[in-house]
Structures are given as structure tokens and as C-alpha cells.
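Thanks for coming, everyone. I'd like to walk you through one structure today, so have a look at the screen and I'll talk over it.

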Amino acid sequence: MKGFLRTAIAATAIGVVLTLVASSLHSQAGPEWIGAFFVKGKVGLKWQPVEGASKYNVYRSEVGGEFQLIVAEDKTHYFDEALTPGTVYNYKIAAVMADGSERMSTEKSVTIPGQAVGAFTPPTWVGLRIDRDKIYANWDNVAGVMAYNIYRSETSGGPYEVVGNVTTSKFADNKGLEAGKTYYYVLTALNEQFEETEKSEERSIKFGVSASERAAADTVQQNLILEEIKLTPLFDLTDAGPLGAMNQPADVAVNSKGDIYVNDVLNFRVNVYGHDGQYKFSF
């Protein structure tokens, strides 16, 4: 009986000690996380209050880096806005007690959408085309991009000026275009921090025909020298006797006697030739 009592008393004592240790550890525990999440361009952090805490220190690190204090907060939540797209951040919350000691939470990790600065590349061209009074530019989408800048120059290699800023991968340019000029375009992409990529490769296109080019073409047209050509490889027929030259011979037919009938379209007549190619008459 005495042995049983001694065992029971010892077990009770051990239980009391374990309870006191657990209670002590719990009282020294750091804040418990409610959540850490990315929303609307910010990381939201929220935690349970710690009894006796005067404030909370928020620590942050990037993957592989050391934790740095980013803010001291008297509330049990905080929104982190100093973010870089494509970065993974780790957070810890420390409850600061009256004696200045810190009780640290566990670690939470949050990934920021998008791509880090320098990790995203300039847009890749699909092409340039002209439709009526506009030059249309198209390119492939770039991941993690918020917007695109379209640059234009009248000289290859620049200097360029911005003629458009869009959120889609296409643009219609009609800003001060002049017929007959060649325009040179480059593209850049912007991330959520408005940081810009390098410029894309250059593409160019000629916008229509200028008045001077049209005048030169008309002059060439007016000075064309017409040469007589054979009607077909078989018949060397180029004139209609006293009626003059054929302007536009079209259909050709040969009858049973070997006479050749040629439809002279612009003169609205049919010229008839013998089998030897000599002109006979027209109707």
C-alpha cells in the first residue's frame, strides 16, 4: 500500500512539473499566425495578440537572405507594400514584452506574382502593316508586364519618341504620318513598378506613296515606248493594212480555208488575214 502511494505521489509531482513547464513555454511563445497573403499589390500579415506585448516587430527576408526589421507595429496586422514582382518573401512577427525581450513567431512565406526586375525581356515583334490611314503594330505578350511603350523615329536607330502606351499587345499609329515616309519602331515593356525593359529590335515600314513619287511614276508611264510583239508564236500579225495597227488583239480563230480572224478589242472590229498572214478586210 505504501509503495502504491509513493508511486502515485511521484506521478502527480511529475505531472505538475510538466504542466508548469508547458505553461511556461506557452507564456513565452511568440504570436500565432492568422494569415499571410498577397492581395491588390500588397502582402497582408495578421496574427493573434500576445498578452503583455507592448508592440510587434515585423521582420522580413528574401530567400537566402537575413531577416531585417521593416516596421514596429502596435496593431496585430500590417500591410507590406515595398514589394518586387517575382520575389519570395519570408516573414516573422516578434512580440516585444515590457522588459524589451522578443517572443518570435514561426516563419511565413509569400510569393509576389510577376517577374523580377531585369528578368523579363523586351517584346518580340509579330509585325507592322498599313490599313487605310494607320500603321498597325503587333507583338507577343510578355509575362509579368503591366503596359507597353511604343517608340517611333524617322531615322533608323533613333532618336525615338513615345507615340503610344497600351496594356494590350497591339497598337494603331496615326500620329502625324506622312505619305512616302519610312517609320522605324521599337517596343518596351513595363512591370508593376513602372520599370522598363531594354528596347526591342527595330522594325520599319513605308507609309504609302508621296506626291513626288506619284508624279515620277506618271512621267515614266507617259514616256513608255510601245513595241510591236507577235500576236502568237504562230502568227506574226501586228497591223490591219490601211486601218493601221491593232491596239489590243484578243481572240483568234482560223476557218476551214485557213483565214485568220482576230478580234481587235480597242478598235471594236475583227480583222481578217489570209493563211499567209496578209491583211484582207475588217468588219
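Before anything else, a bit of vocabulary: when I say two strands pair, I mean that DSSP finds at least two bridges between them. With that in hand, take β1 and strand β2, residues 42-47: these two pair in the antiparallel sense over six bridges. If you want one spot to click on, A36 has L45 in β2 as its bridge partner.

And please keep in mind that this is a predicted model.

Okay, the overview. The protein chain has two helices and 19 strands, so to speak a lot of strands to get through, and I'll only pick some. Of the 283 residues in the protein chain, 30% are buried. The chain exposes about 17800 Å², with carbon and sulfur atoms supplying 54% of that area. As for contacts between residues at least 6 apart in sequence, 51% of them join residues at least 24 apart.Back to β1 and β2 for a moment. They belong to an open sheet of three strands in the order β1-β2-β5, with antiparallel pairing. The edge strands there are β1 (33-39) and β5 (77-80), each of which pairs on one side only. From one strand to the next, the twist averages 10°.

There's another open sheet of three strands, with the order β9-β10-β13 and again antiparallel pairing. Its edge strands, pairing on one side only, are β9 and β13 (170-173). Here the twist averages 15° from one strand to the next. Inside that sheet, β10 and β13 pair in the antiparallel sense over four bridges, and Y136 finds its bridge partner in β13 at A172.

Now the inside of the protein. Which residues have the most contacts inside the largest nonpolar core? They are L128, I135, W139, I150 and Y185, out of 19 residues in that core. Six strands each supply at least two residues of it: β9 (125-131), β10 (134-139), β11 (147-153), β12 (161-166), β14 (181-190) and β15 (203-207). The largest share, four residues, comes from β14.

I150 is a good one to zoom in on. Leaving out residues up to four places away in sequence, I150 touches W139, E161, V162, V163, G164, N165, V166, F171, Y185, V186 and L187. There is also a second, separate core of 17 residues, and that one includes L45, V50, L83 and A95. You've met L45 already, as the β2 bridge partner of A36.

On to the aromatics. The count comes to four aromatic pairs, and I'll show two of them. The ring centres of W139 and Y148 are 5.5 Å apart with the planes at 65°, so this pair is edge-to-face; the cut-off for that label is over 60 degrees. Are these two buried or exposed? W139 is buried, with a relative accessible area of 2%, and Y148 is buried as well, at 2%.

The next pair is Y273 with Y279, edge-to-face too, at 5.8 Å centre to centre and 70° between the planes. Y273 has a relative accessible area of 1%, so it is buried. Y279 sits at 23% relative accessibility and therefore counts as partly exposed, since buried means under 20%.

That pair takes us to the last stretch of the chain I want to show, a run of hairpins. Let's go through them in order.

Strand β16 (residues 249-254) and strand β17 (residues 260-264) run antiparallel and are joined by four bridges. P249 has D264 in β17 as its bridge partner. These strands form a hairpin with five residues between them, and G258 in the turn has a positive phi of about 95°.

Then β17 goes on to β18, again antiparallel, with five bridges. D264 turns up here too, with R269 in β18 as its bridge partner. This hairpin has four residues between the strands, and F268 takes a positive phi near 55°. Strand β18 itself, residues 269-273, is mostly covered, with four of its five residues buried.

And the last one: β18 pairs with strand β19 (residues 279-282) in the antiparallel sense over three bridges. What is the bridge partner of Y273 in β19? It is Y279, and those are the two rings of the edge-to-face pair I just mentioned. The hairpin of β18 and β19 has five residues between the strands, with G277 taking a positive phi near 90°.

That's my tour. Happy to go back to any part of it on the screen.

Technical notes: Residues are numbered from 1 along each chain as its sequence is written. This is a predicted model: local features need pLDDT of at least 70, side-chain atom pairs count only at pLDDT 80 or more; totals for chains, interfaces and linings use all residues. Side-chain values use heavy atoms; hydrogens and water are left out. A nonpolar core is a set of buried Ala, Val, Leu, Ile, Met, Phe, Trp, Tyr and Cys residues joined through side-chain atoms within 4.5 Å. Buried means under 20% relative accessible area, exposed over 50%, partly exposed in between (1.4 Å probe, protein chains only). Contact means heavy atoms within 4.5 Å. Accessible areas come from the Shrake-Rupley method with a 1.4 Å probe; for residues, only the protein chains shown count as cover. Axes are lines fitted to C-alpha atoms, for helices over the stretch in contact, and angles run from 0 to 180 degrees between N-to-C directions. Rings of Phe, Tyr and Trp (its six-membered ring) pair if their centres lie within 6.5 Å; planes under 30 degrees apart count as stacked, over 60 as edge-to-face and the rest as tilted.
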